[in-house]
Amino acid sequence: MKKLLYKEFKLCLHPAVFLFMASVLLLFIPNYMFELPCFFICNAIFFVFQQCTLNNDLLFTVTLPVGKREAVKARFAFIVIIQLVFLLLCIPMMFVHNAVYGSQNAAGLDVCPALIASYFIVYSIFNIIYMPTFYKNGYKAGKSFVLSLIGIFAWIFISNGVFITAAASRDVSAFFAWIENNIDCLPTTQAAASIQAAAIIVCAVIYVVLTIVSCRISERNLEKKNI
Amino acid sequence: MNLLEVNSLSKSYKDFSLKDVSFKLEPGYIMGFIGRNGAGKTTTIKSMLNLVSKDGGSVRMNGLEFNDNEVKCKEQLGYIIGEFDCYKHHRLKTIAKVTKRFYDDWDDALYHSYLKRFSIDENKKVDELSAGMRVKFALALALSHNAELFIFDEPTSGLDPVSRDDLLNVFRSVVEDGKRSILFSTHIISDLEKCADFITYIKNGSLVLSTDVESFKQSFRLISGSKHELEGYRHMLLGYKENAFGFTGLIRAEDLENCPNTKNAPADLESIMIYYEKENNNEKAAL
């Protein structure tokens with residue numbers, strides 16, 4: 001695995017990964033759909049797969065002394081590292097955003113801990129759709145990306161719709177008021193902090209489980225695939 | 001013990017089937033794997049290496065079942081598919097740096113000696129190399145980890161005659177210690193005449209013959225005769241060509257006694273393949 005990860009970093013890392021890592025700077029915008037920067041990382045991963053397809057990476061990898069399943073596991077480890085590095089970069093940016101602008105966001109979810117939970121969901125959707133469909137054919141990187149986009153944007157628009165509605169309707173609905181006071185805010189109360197911490201943990205578990213499931217399906221798909 | 005044993009390998013696609021292909025290769029020999037385009041050479045090689053999921057059959061390398069010992073078998077295997085066509089925008093030294101980590105027996109001095117022999121500058125990027133140089137780079141990688149078995153799919157196709165000759169000398173030097181073997185597929189039959197010890201011939205996914213070069217050649221004869229003689233011999237001919245004076249055709253050596261008064265001559269590898277693949281041949285009995 002260590003050797004394969006080394007190969008991933010030396011031969012598969014697309015410059016777009018660094019470029020899209022910089023999308024963490026979008027957290028400096030006062031009002032924005034803050035789940036989008038996370039989507040840009042999915043976009044960077046698509047570039048990785050597309051470049052690897054053009055570079056015949058799969059053929060090169062499976063002729064090395066490794067099994068097809070190990071090749072898939074290494075790619076997953078590589079992708080997870082990229083996704084988690086982006087999450088880590090977001091944390092200091094969140095503090096800076098809130099220090100400069102405060103936490104109110106008119107365009108959806110605030111820059112708060114719950115945003116990290118939402119990022120885990122975006123990654124989960126991407127991982128469970130993109131990788132298994134890609135490894136089913138081994139070269140249609142674009143088709144798999146379009147399929148994952150449908151899932152990701154469905155989540156982003158639905159969740160943002162809820163948070164925008166919650167901000168507008170907090171005075172008329174107890175449910176939306178609860179969302180505004182506990183999720184779509186910087187946690188200033190013990191209850192809000194606990195709820196957002198729980199949200200992060202639950203979404204992280206979903207991310208881990210769906211990524212493992214996706215990895216298993218991808219391994220099986222590549223095993224059956226003729227290279 | 002055989003370095004390579006392929007038993008009843010089969011694989012079916014919608015419009016092509018590989019049918020019960022079996023052959024073996026002992027240490028110290030070069031085996032040429034021949035057949036026309038689409039005959040199943042690459043499918044056979046890819047099925048052997050699990051790049052294509054086979055429907056049946058087994059492959060043993062150095063006594064080990066490939067399916068159960070894939071990593072171990074691959075460590076002892078040097079494999080290339082034609083020219084090196086991966087990571088076009090990366091420098092050769094980066095690719096070599098990655099590759100060598102996967103092989104415990106990687107020999108840096110040997111690798112650099114091949115780079116020097118093939119005049120390859122490892123600071124170049126893959127897309128800066130000609131097709132021939134890419135083949136040579138792939139060979140340098142494959143030959144530098146002290147593998148015991150080498151499988152080369154069309155290794156000489158992009159090379160000029162001088163480079164091909166140099167490469168065939170490399171092949172001979174690789175197997176001369178008697179411990180290593182090479183299986184290589186090619187369309188350039190003259191390369192096999194120069195260096196192959198064994199020939200495995202495949203047609204339409206089925207094995208025609210796998211034997212040593214001399215036995216292979218002695219299994220066939222070329223006969224020629226007039227047009228009216230053709231009618232009498234047509235049923236025995238594996239393939240033939242007609243010309244203004246008569247015909248020339250390929251026949252099995254054991255059928256020669258049934259063709260009295262015809263001119264006959266030994267068949268070389270190229271003639272055997274050309275006549276055997278002729279479209280105007282008759283129904284042929286299995287060899």
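**Exercise 1. Determine whether strand 13 of chain B is mostly covered or not, and place this strand in its sheet.**

Step 1. Strand 13 of chain B is mostly covered, with five of its six residues buried. A residue is buried if 20 or more other C-beta atoms lie within 10 Å of its own, exposed if 12 or fewer, and partly exposed in between, with C-beta atoms placed from the backbone. Helices (H or I, at least four residues) and strands (E, at least two) are DSSP runs, numbered from the N terminus.

Step 2. The structure is a predicted model, in which local features need pLDDT of at least 70 and side-chain atom pairs count only at pLDDT 80 or more, while totals for chains, interfaces and linings use all residues. Residues are numbered from 1 along each chain as its sequence is written, and chains are lettered from A and ligands numbered from 1 in the order in which they are written.

Step 3. Four strands of chain B make an open sheet with antiparallel pairing, in the order 12-13-11-14. Two strands pair if DSSP finds at least two bridges between them. On one side, strand 13 (residues 247-252) of chain B is paired with strand 12 of chain B in the antiparallel sense over five bridges; here Leu250(B) is the bridge partner of Gly239(B). A hairpin of four residues joins strand 12 of chain B to strand 13 of chain B.

Step 4. Strand 13 of chain B also runs antiparallel to strand 11 (residues 220-225) of chain B, to which six bridges join it. Arg252(B) in strand 13 of chain B is the bridge partner of Phe220(B).

Step 5. At the edges of the sheet 12-13-11-14 of chain B stand strand 12 (237-242) and strand 14 (263-266) of chain B, each with a single partner strand, so one side of each has no neighbour in the sheet. From one strand to the next, the twist averages 25°.

**Exercise 2. Establish which way the residues of strand 6 of chain B point, and how this strand is paired.**

Step 1. Leu77(B), Tyr79(B) and Ile81(B) point one way from strand 6 of chain B, Gly78(B) and Ile80(B) point the other way, and all are buried.

Step 2. Because five of the five residues of strand 6 (residues 77-81) of chain B are buried, this strand is largely enclosed by the rest of the structure.

Step 3. Strand 6 of chain B pairs with strand 7 (residues 149-153) of chain B in the parallel sense over five bridges. Opposite Ile81(B), in strand 7 of chain B, stands Asp153(B).

**Exercise 3. Describe how helix 6 of chain A packs against helix 3 and helix 5 of chain A.**

Step 1. Two packed helices are described by the angle between their axes and the distance between the axes. Axes are lines fitted to C-alpha atoms, for helices over the stretch in contact, and angles run from 0 to 180 degrees between N-to-C directions.

Step 2. Helix 3 (residues 36-54) and helix 6 (residues 113-137) of chain A pack at about 20°, with axes 10 Å apart. These two helices of chain A, helix 3 and helix 6, are therefore roughly parallel (angles under 35 degrees count as roughly parallel, over 145 as roughly antiparallel, 65 to 115 as roughly perpendicular and the rest as oblique).

Step 3. The contact joins Cys38(A), Phe39(A), Cys42(A) and Phe49(A) of helix 3 of chain A with Tyr119(A), Val122(A), Phe126(A) and Phe134(A) of helix 6 of chain A. Residues are in contact if their C-beta atoms, placed from the backbone, lie within 7 Å. The residues of this contact of helix 3 with helix 6 of chain A are eight nonpolar, no polar and no charged (Ala, Val, Leu, Ile, Met, Phe, Trp, Tyr, Cys and Pro count as nonpolar, Asp, Glu, Lys and Arg as charged, and the others, Gly among them, as polar).

Step 4. The axes of helix 5 (residues 68-101) and helix 6 of chain A come within 12 Å and cross at roughly 160°; helix 5 and helix 6 of chain A are therefore roughly antiparallel to each other. The contact of helix 5 with helix 6 of chain A has nine nonpolar, one polar and no charged residues.

Terms used:
Two residues are in contact if their C-beta atoms, placed from the backbone, lie within 7 Å.
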